[in-house]
Amino acid sequence: MENKHKLLATASSQDQGVCHDTIIDRFSTLPDEIAHHVLSMVDLRDLTRVGAVSKRCYDFYLSTPSFRFDSDYDNMQRKSNKMNCFDQFLRRRGNNKIHHFGIDLSFPASLSCKVFQVMTWIDNAARCSVEVLNLQLTMRSKGNMVGLPSSIFRCGSLRSLLVKMEEIFKVPSFPCPNNLQRLNLSYVRIDEEFSKWISSSCKCIKEIKLSMVSTNNLTIENSSLESFTFVACSNLCCLNISGEKLEIIHIKWQFFNPGSRALHICAPNLKYLKWVGDLVSHPKLGKLLCLEKAEIFLEAKSICVCDFHNAFELLCSICRVKALILSDKTIKALFREGSMAAPIFDTSYLRINSANLNNALVPAMVSLMRGMSNLNTLDIKSDPSLFFLEPKACGFNGKYWKSQNLDFVNQLKEVTIELSNGNNAWQLARFILEHAQNLKKMTIFYLPRKLHVIDKVSNSKKVSSATIDFHEKQWR
């Protein structure tokens with residue numbers, strides 16, 4: 001903060017009696033937008049000090065549109081004093097516009113009476129046409145937090161709202177149109193009124209992020225929504241997502257108690273889907289014909305607690321995906337040896353994240369790839385950090401791979417394989433080199449002290465002019 005240091009040095013020189021003619025106050029000559037940008041990065045104490053330097057600086061102090069109140073780690077008395085000083089600051093600046101306002105504050109039980117004071121700050125921000133509001137509030141004594149002021153939900157200037165607090169996020173029960181574009185909620189409790197509010201009042205919303213929210217059923221239906229993120233470890237029973245403009249959906253949903261769970265998605269223009277956690281018993285994703293990329297990672301416990309009779313329907317929903325990324329647990333969960341080929345017609349890129357290419361994974365992987373006639377890029381990742389815990393990974397040689405009659409091999413142009421223990425992975429690499437006529441490049445990552453695999457792969461009878469690059473993979 002070079003400008004800030006020069007400013008404070010100027011003030012110090014004045015205190016020491018230096019002739020004013022020799023002092024150059026460069027900060028005061030800055031354009032408003034640059035001065036405001038600098039002041040947005042200082043805390044309230046330094047902002048107040050700047051305001052005492054000159055009349056011009058005092059104007060900056062009152063008109064700065066971005067500021068934050070942070071007193072999370074102060075003791076009780078200091079926190080109370082800072083809150084009173086902030087009250088004075090808000091009164092002095094009057095109705096000057098606020099662009100960005102943030103509060104990070106925890107309330108001990110002894111300061112629960114101060115909650116109303118914070119609500120007046122939020123009300124003041126709405127009156128000053130706030131555009132970005134970030135609220136991180138922690139209440140040590142449960143039950144004393146009041147709902148956010150209704151003025152926030154009627155604030156026409158508000159574009160972005162972030163709320164993190166372990167209390168109910170109470171929205172108006174009546175239609176309350178707003179211009180909100182981004183909503184980020186963490187640890188709040190929501191009810192049915194929230195879904196109605198999203199649908200009826202948030203006509204400009206583009207992005208919604210919900211993290212660790214508490215609710216039994218959740219419906220997000222909005223015609224302007226473009227991106228939706230849901231992260232939770234909860235007993236949510238049903239999640240419904242619907243939007244004509246939805247292009248991005250990221251779901252991380254884990255549950256620890258058995259029971260029926262349902263996921264319904266209606267997003268005909270969806271381009272990116274990421275699903276981490278547990279496969280629900282009733283996935284209804286519809287036809288995602290515009291899907292460009294899908295990442296699906298199911299946890300190991302999913303195999304035990306989830307019903308996979310709808311897994312084939314899940315694959316049908318993503319059958320037109322261009323790039324597909326799966327974990328080894330997902331592949332083993334969705335496929336069994338001898339199961340029908342996955343109906344994935346247009347996939348040109350496949351990445352498999354695995355501990356290693358073990359004997360349980362290979363047959364399931366073959367079932368997956370039988371339906372990928374247009375695959376031209378194959379990427380197999382491994383994690384050598386689990387080397388000593390990995391199951392057996394040998395026995396599937398070139399003769400096995402040749403017997404599977406995999407049509408996609410002739411379409412392959414680029415292959416990356418990270419080797420782990422066993423020989424399944426380098427046997428697959430040899431098979432591809434000996435049968436992929438259109439292959440352009442193969443990249444092999446081998447483990448330290450496993451240099452012998454270089455000769456085993458290099459001695460393959462290539463049927464193409466592909467280049468082979470070898471790189472040592474480091475332990476993690």
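In the predicted model, L439 is placed in the loop that runs between helix 14 and strand 19 (441-446). With a relative accessibility of 1%, L439 counts as buried. Apart from neighbours within four places in sequence, L439 is in contact with L412, K413, E414 and V415, with I432 and L433, and with S464 and A466. A further relation links L439 to V463: the two residues are 24 apart in sequence, and their C-alpha atoms are 8.6 Å apart in space.

Two of the residues in contact with L439, namely L412 and E414, are also in contact with T377. T377 belongs to strand 17 (residues 377-382). Its relative accessibility is 19%, and T377 therefore counts as buried, the limit being under 20%. Once neighbours within four places in sequence are left aside, the contacts of T377 also include S348, Y349 and L350.

Strand 17 is also one of the elements packed against helix 12. Helix 12 spans residues 361-369, and nine of its nine residues are buried, so this helix is largely enclosed by the rest of the structure. The buried residues are L361, V362, P363, A364, M365, V366, S367, L368 and M369. Besides strand 17, these residues pack against strand 15 (323-327), strand 16 (349-354), helix 11 (328-334), helix 13 (398-403) and helix 14 (424-435). Helix 14, which precedes the loop of L439, is thus among the elements surrounding helix 12.

Earlier in the chain, W197 is found in helix 8 (residues 192-200). W197 has a relative accessible area of 3% and is buried. Residues up to four places away in sequence being excluded, W197 touches F153, F169, V171, P172, C176, N178, L180, L183 and C202. W197 and I220 are separated by 23 residues in sequence, and the distance from C-alpha to C-alpha is 9.8 Å.

Helix 5 (residues 76-93) takes part in two helix contacts, with helix 6 and with helix 4. The axes of helix 5 and helix 6 (residues 115-127) lie 11 Å apart, and the two helices pack at an angle of about 25 degrees. Since angles under 35 degrees count as roughly parallel, helix 5 is therefore roughly parallel to helix 6. Their crossing is left-handed. On the side of helix 5, the contact comprises M83, N84, F86, D87 and L90, which meet Q117, V118, W121 and N124 of helix 6. By class, five of the residues in this contact are nonpolar, three are polar and one is charged.

The arrangement of helix 4 (residues 55-63) and helix 5 is given by axes that come within 8 Å and cross at roughly 105 degrees. This angle makes helix 4 roughly perpendicular to helix 5. Helix 4 contributes Y58, Y61, L62 and S63 to the contact, and helix 5 contributes F89, R92 and R93. The residues of this contact divide into four nonpolar, one polar and two charged.

Aromatic residues recur in these helix contacts, including F86 and W121. Across the whole structure, 22 aromatic pairs are found. F86 and W121 form an edge-to-face pair, with 4.7 Å between the ring centres and 70 degrees between the planes. Because F86 lies in helix 5 and W121 in helix 6, the pair ties together parts that are 35 residues apart in sequence. F86 is buried at a relative accessible area of 1%, and W121, with 1% relative accessibility, counts as buried as well. An edge-to-face pair is also formed by F230 and W253, with a centre-to-centre distance of 6.3 Å and 85 degrees between the planes. F230 lies in strand 8 (residues 227-233) and W253 in strand 10 (residues 248-254), so this pair ties together parts that are 23 residues apart in sequence. Both F230 and W253 are buried. Ring pairs further link Y58, Y61, F67, F69, F86, F89, F101 and W121 into a cluster. This cluster includes Y58 and Y61 of helix 4 and F89 of helix 5.

Taken as a whole, the chain has 15 helices and 20 strands. Of its 476 residues, 50% count as buried. Among contacts between residues at least 6 apart in sequence, 64% join residues that are at least 24 apart.

Technical notes:
Residues numbered from 1 in each chain as written. Predicted model: local features only at pLDDT ≥ 70, side-chain atom pairs only at ≥ 80, totals over all residues. Heavy atoms only, no water. Axes fitted to C-alpha atoms, helices over the stretch in contact; angles between N-to-C directions. Helix = DSSP H or I, 4+ residues; strand = E, 2+ residues; numbered from the N terminus. Parallel < 35°, antiparallel > 145°, perpendicular 65-115°, else oblique. Left-handed = near helix turned anticlockwise from the far one by under 90°. Contact = heavy atoms within 4.5 Å. Nonpolar A, V, L, I, M, F, W, Y, C, P; charged D, E, K, R; others polar. Buried < 20%, exposed > 50% of the residue type's maximum accessible area, 1.4 Å probe, protein only. Phe/Tyr/Trp six-rings, centres within 6.5 Å; stacked < 30°, edge-to-face > 60°.
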